[in-house]
Amino acid sequence: MKIIDVPNDKDFIRQVAEVLLDGFTTSGINPWENLESALTEVRESLSENRISRVAIDKNKNVLGWIGAFHDYALVWELHPLVVRSDLQNQGIGTALIRDLEQQIKSRGGLTIKLGTDDENNRTSIGGIELYPNVLEKTSNIENLKKHPFEFYQKLGFEITGVIPDADGFGKPDIIMCKRV
Ligand SMILES: CC(C)(COP(=O)(O)OP(=O)(O)OC[C@H]1O[C@@H](n2cnc3c(N)ncnc32)[C@H](O)[C@@H]1OP(=O)(O)O)[C@@H](O)C(=O)NCCC(=O)NCCS
């Protein structure tokens with residue numbers, strides 16, 4: 001496997017979009033409704049001042065994709081991250097994060113930020129009233145159904161906040177950061 005910049009090539013972009021749709025099937029949510037919206041996401045990632053990296057095998061099959069864009073001057077927001085559904089839990093997500101850290105470091109960035117939604121009650125802070133004491137409930141978060149916040153924690157990210165009801169009542173966005 002190697003990790004390269006996403007090439008501006010129609011067929012390749014389509015392959016990345018297909019992996020984006022396929023990879024999220026394991027999460028029970030569907031942030032991109034169809035191939036067209038997934039294609040738009042991949043095309044946007046190729047804009048200037050963005051990072052868009054893809055893991056490929058020796059036959060140039062897409063295994064996973066990671067993107068990031070500038071938020072604050074020295075902070076990059078990770079968006080999105082996906083690994084092909086049949087290849088998850090084999091270290092590809094970890095390799096993409098490590099690669100992104102290097103990419104951000106080499107651009108002088110200090111921090112990676114991300115938001116990871118809980119839209120389907122996969123954590124103890126999904127599906128409940130978070131007020132009052134939002135931060136107390138968040139700091140006692142438990143993983144109920146393989147929500148990816150734990151994946152990020154294993155890679156050194158910390159939960160730095162939460163946006164209650166980000167995607168509707170009881171659907172918070174968990175904010176995580178890591179210094180690179
Ligand atoms: C989340 C995702 C990117 C992780 O990539 P991956 O290649 O499957 O993960 P890795 O194999 O590198 O896992 C690294 C570690 O995190 C753990 N991990 C991975 N996904 C996890 C999850 N959903 N919940 C808890 N732990 C998880 C692994 O078990 C492994 O732990 P270990 O080091 O103790 O063995 C991938 O599973 C994916 O694409 N999921 C669907 C899309 C998604 O949720 N994207 C993130 C949105 S914020």
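The following dialogue works through a predicted model, from the overall fold to the surroundings of the ligand.

Me: How many helices and strands does the chain have, and what pattern do they follow along the sequence?

Reply: An inventory of elements is a useful start. The chain contains 5 helices and 7 strands, in the sequence order β-α-α-β-β-β-α-β-α-α-β-β.

Me: What does the radius of gyration say about the chain?

Reply: The value is set against that expected for a compact globule. For 180 residues this would be near 16 Å, and the chain has 16 Å, so the two agree. Of these residues, 29% count as buried.

Me: Which strands pair with strand 5, and in which sense, parallel or antiparallel?

Reply: Strand pairing is read from the bridges. Strand 4 pairs with strand 5 in the parallel sense over 3 bridges, with Glu77 opposite Lys113. Strand 5 and strand 7 (residues 173–179) are antiparallel, over 7 bridges; here Gly115 has Ile175 as its bridge partner. Strand 4, helix 3 and strand 5 also form a right-handed β-α-β unit.

Me: Which side chains of strand 5 point to the buried face?

Reply: One follows the alternation along the strand. In residues 111–117, Ile112, Leu114 and Thr116 share one face and are buried. Thr111, Lys113, Gly115 and Asp117 point to the other face and are not buried.

Me: Which residues come nearest to the ligand, and which elements contribute two or more residues to the shell?

Reply: Of the 20 residues around the ligand, Gln88, Gly93, Thr94, Glu150 and Phe151 come nearest. Strand 4 (75–83), helix 3 (92–106) and helix 5 (149–154) each give two or more residues to the shell. By class, the shell has 7 nonpolar, 10 polar and 3 charged residues.

Definitions and conventions
Residues are numbered from 1 along each chain as its sequence is written. This is a predicted model: local features need pLDDT of at least 70, side-chain atom pairs count only at pLDDT 80 or more; totals for chains, interfaces and linings use all residues. A residue is near a molecule or strand if its C-beta atom, placed from the backbone, lies within 6 Å of it. Helices (H or I, at least four residues) and strands (E, at least two) are DSSP runs, numbered from the N terminus. Ala, Val, Leu, Ile, Met, Phe, Trp, Tyr, Cys and Pro count as nonpolar, Asp, Glu, Lys and Arg as charged, and the others, Gly among them, as polar. The radius of gyration is taken over C-alpha atoms; the globule rule is 2.2 Å times the number of residues to the power 0.38. A residue is buried if 20 or more other C-beta atoms lie within 10 Å of its own, exposed if 12 or fewer, and partly exposed in between; C-beta atoms are placed from the backbone. Two strands pair if DSSP finds at least two bridges between them. A crossover is right-handed if, with the strands pointing away from the viewer, the path from the first strand over the helix to the second runs clockwise.
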